[in-house]
Amino acid sequence: MRRFLSGALPFYALAGLAICMYLVLYKTNLFDLNAIVQDATGSSWFPVFIFVCVLLESVFPYFGYFPGTALILMSVALNPKPADVSVFIVAWLAIIVGAVLSYGQARFFRPLLQRVASKAALSRCESLLDAYGPYARVALFVHPNACAMYFTALGLLGRNLARELGYLSVGAAASVGILFVVVTRLVSSVGATDDGELQVLLAAALVAIGTLVGLYAAWRPARAA
């Protein structure tokens with residue numbers, strides 16, 4: 001059970017944050033997010049708007065769950081035409097820049113962490129990354145928050161960034177590409193609208209992925225034994 005939770009909990013936490021943002025964005029009267037995104041899609045600054053929002057979501061841990069991915073979903077759902085190649089490119093670049101910044105700030109604070117954390121704790125983190133590192137790269141294909149957490153861990157442990165950039169590039173492209181494909185299919189079937197269903201769908205996908213990762217983490221050591 002402990003192995004299952006170690007693999008599944010990060011994705012469950014992201015799903016919980018997604019639901020919290022759904023409640024804040026769609027179930028309160030704080031502001032009309034649909035109107036904000038509709039106005040933004042009609043502006044020539046829309047790619048910059050998307051870049052900043054996704055970048056904030058991609059830097060760990062300062063911004064937590066900033067709804068950058070949700071804004072991509074909404075921009076496609078509300079007005080598919082502006083969601084062209086330029087939006088794909090800026091979202092892809094934002095995830096890469098955010099992950100590199102996450103790595104950099106972790107390296108910057110590494111001396112402080114080494115003073116606070118015990119050598120045994122750092123050693124255990126390194127052993128976990130050695131054991132599950134290749135599988136942790138799946139996070140690069142899932143969500144900018146998960147991607148940022150992975151690169152933060154790499155930075156804290158002093159791992160090499162250069163060899164991970166290729167995985168990052170492919171993972172970011174796949175993540176944004178899946179969002180575009182899924183949402184455009186939904187839009188073509190139900191029309192251009194968004195009342196929060198896409199955010200709930202994202203949360204459900206994170207729960208499903210977390211469950212699969214947790215089951216694999218629980219099964220793999222038992223198999224090795």
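## Exercises on cysteines, cores and a surface patch

The structure holds zero disulfides. The model is a predicted one.

**Exercise 1.** Classify C20 and C147 as buried, partly exposed or exposed.

*Solution.*
- Step 1. Take the cut-offs: buried is under 20% relative accessible area, exposed is over 50%, and partly exposed lies in between.
- Step 2. C20 has a relative accessibility of 43%, so C20 is partly exposed.
- Step 3. C147 has a relative accessibility of 1%, so C147 is buried.

**Exercise 2.** Describe the largest nonpolar core: state how many residues it has, which of them have the most contacts inside it, and which helices supply at least two residues each.

*Solution.*
- Step 1. The largest nonpolar core consists of 25 residues.
- Step 2. Inside this core, I50, C147 and F151 have the most contacts.
- Step 3. At least two residues of this core come from each of α3 (46-57), α5, α7 (144-156) and α8 (165-190).
- Step 4. The helix that gives the most to this core is α5, with eight residues.
- Step 5. Another core, of nine residues, lies apart from the largest one; F11, A15, A146 and L206 are among its members.

**Exercise 3.** Find the residues that make the nonpolar surface patch of about 450 Å², then place F109 in its helix and explain why F109 can belong to a patch.

*Solution.*
- Step 1. The patch is made by F108, F109, L112 and V116.
- Step 2. F109 lies in helix α5, which covers residues 85-116.
- Step 3. Patch residues need over 30% relative accessible area.
- Step 4. F109 has a relative accessible area of 36%, so F109 is partly exposed and passes that cut-off.

Technical notes
Residues are numbered from 1 along each chain as its sequence is written. This is a predicted model: local features need pLDDT of at least 70, side-chain atom pairs count only at pLDDT 80 or more; totals for chains, interfaces and linings use all residues. Side-chain values use heavy atoms; hydrogens and water are left out. Patches are made of residues with over 30% relative accessible area and no salt bridge: like charges are joined within 9 Å, nonpolar side chains (Val, Leu, Ile, Met, Phe, Trp, Tyr) within 5 Å. Accessible areas come from the Shrake-Rupley method with a 1.4 Å probe; for residues, only the protein chains shown count as cover. A salt bridge is a side-chain nitrogen of Lys or Arg within 4 Å of a carboxyl oxygen of Asp or Glu. Helices (H or I, at least four residues) and strands (E, at least two) are DSSP runs, numbered from the N terminus. Buried means under 20% relative accessible area, exposed over 50%, partly exposed in between (1.4 Å probe, protein chains only). A nonpolar core is a set of buried Ala, Val, Leu, Ile, Met, Phe, Trp, Tyr and Cys residues joined through side-chain atoms within 4.5 Å. A disulfide is a pair of cysteine sulfur atoms within 2.5 Å.
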